[in-house]
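Work through the exercises below with the model open. Try each task before reading its solution.

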Amino acid sequence: MATTAKIAKDVKLEKARKAKTPKLQCRHRNRCWRCGRPRAFLRKFGICRLCFRKLALNGEIPGVTKASW
């Protein structure tokens, strides 16, 4: 059988758990919306370099063409 002190401690801990917020907001990771890749993310387009290459070669990204010189 639990004592009143233990019950009060458990209630206090439960309230602290419910009020918990994320520790660090800087842990957000940009991810590609097509494949979910976290690395090689192009912020301007919102996709990774691999998906960008596929879409650009298919002509699905307006204004992007393959370089030739």
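The exercises go from the whole chain to one helix, one ring pair and the cysteines.

This is a predicted model, in which local features need pLDDT of at least 70, side-chain atom pairs count only at pLDDT 80 or more, and totals for chains, interfaces and linings use all residues. Residues are numbered from 1 along each chain as its sequence is written, and side-chain values use heavy atoms, with hydrogens and water left out.

**Exercise 1. The chain**

Task: List the secondary structure elements in order and find the buried share of the chain.

Solution:
- Take helices (H or I, at least four residues) and strands (E, at least two) as DSSP runs, numbered from the N terminus.
- The chain has two helices and two strands.
- Their order from the N terminus is α-β-β-α.
- Now apply the burial cut-offs: buried is under 20% relative accessible area, exposed is over 50%, and partly exposed is in between (1.4 Å probe, protein chains only).
- Of the 69 residues, 13% are buried.

**Exercise 2. Two sides of a helix**

Task: Which residues of helix 2 are buried, and what covers them?

Solution:
- Helix 2 spans residues 49-57.
- Its buried residues are Cys51, Phe52, Leu55 and Ala56.
- They cover an arc of only 130 degrees around the axis, so they sit on the same side of helix 2. The arc is taken over the directions from the helix axis to the C-beta atoms.
- Arg53, Lys54 and Leu57 are exposed on the other side of helix 2.
- The cover over the buried residues includes strand 1 (41-42) and strand 2 (47-48).
- Just after helix 2, glycine 59 has a positive phi of about 80 degrees.

**Exercise 3. A ring pair**

Task: Count the aromatic pairs and classify what you find.

Solution:
- Rings of Phe, Tyr and Trp (its six-membered ring) pair if their centres lie within 6.5 Å; planes under 30 degrees apart are stacked, over 60 edge-to-face, the rest tilted.
- The count is one aromatic pair.
- Phenylalanine 45 and phenylalanine 52 form this tilted pair, with 4.8 Å centre to centre and 45 degrees between the planes.
- Phenylalanine 45 is partly exposed at 33% relative accessible area, whereas phenylalanine 52 is buried at 19%.

**Exercise 4. The cysteines**

Task: Why is cysteine 32 not bonded to cysteine 35?

Solution:
- A disulfide needs two cysteine sulfur atoms within 2.5 Å.
- The closest cysteine sulfur to that of cysteine 32 is in cysteine 35, 3.7 Å away, and therefore too far for a bond.
- Cysteine 35 is in no disulfide either; its nearest cysteine sulfur, in cysteine 48, is 3.6 Å away.
- The whole structure holds zero disulfides.
- Cysteine 32 is buried at 5% relative accessibility, while cysteine 35 is partly exposed at 47%.

Conventions. Contact = heavy atoms within 4.5 Å.
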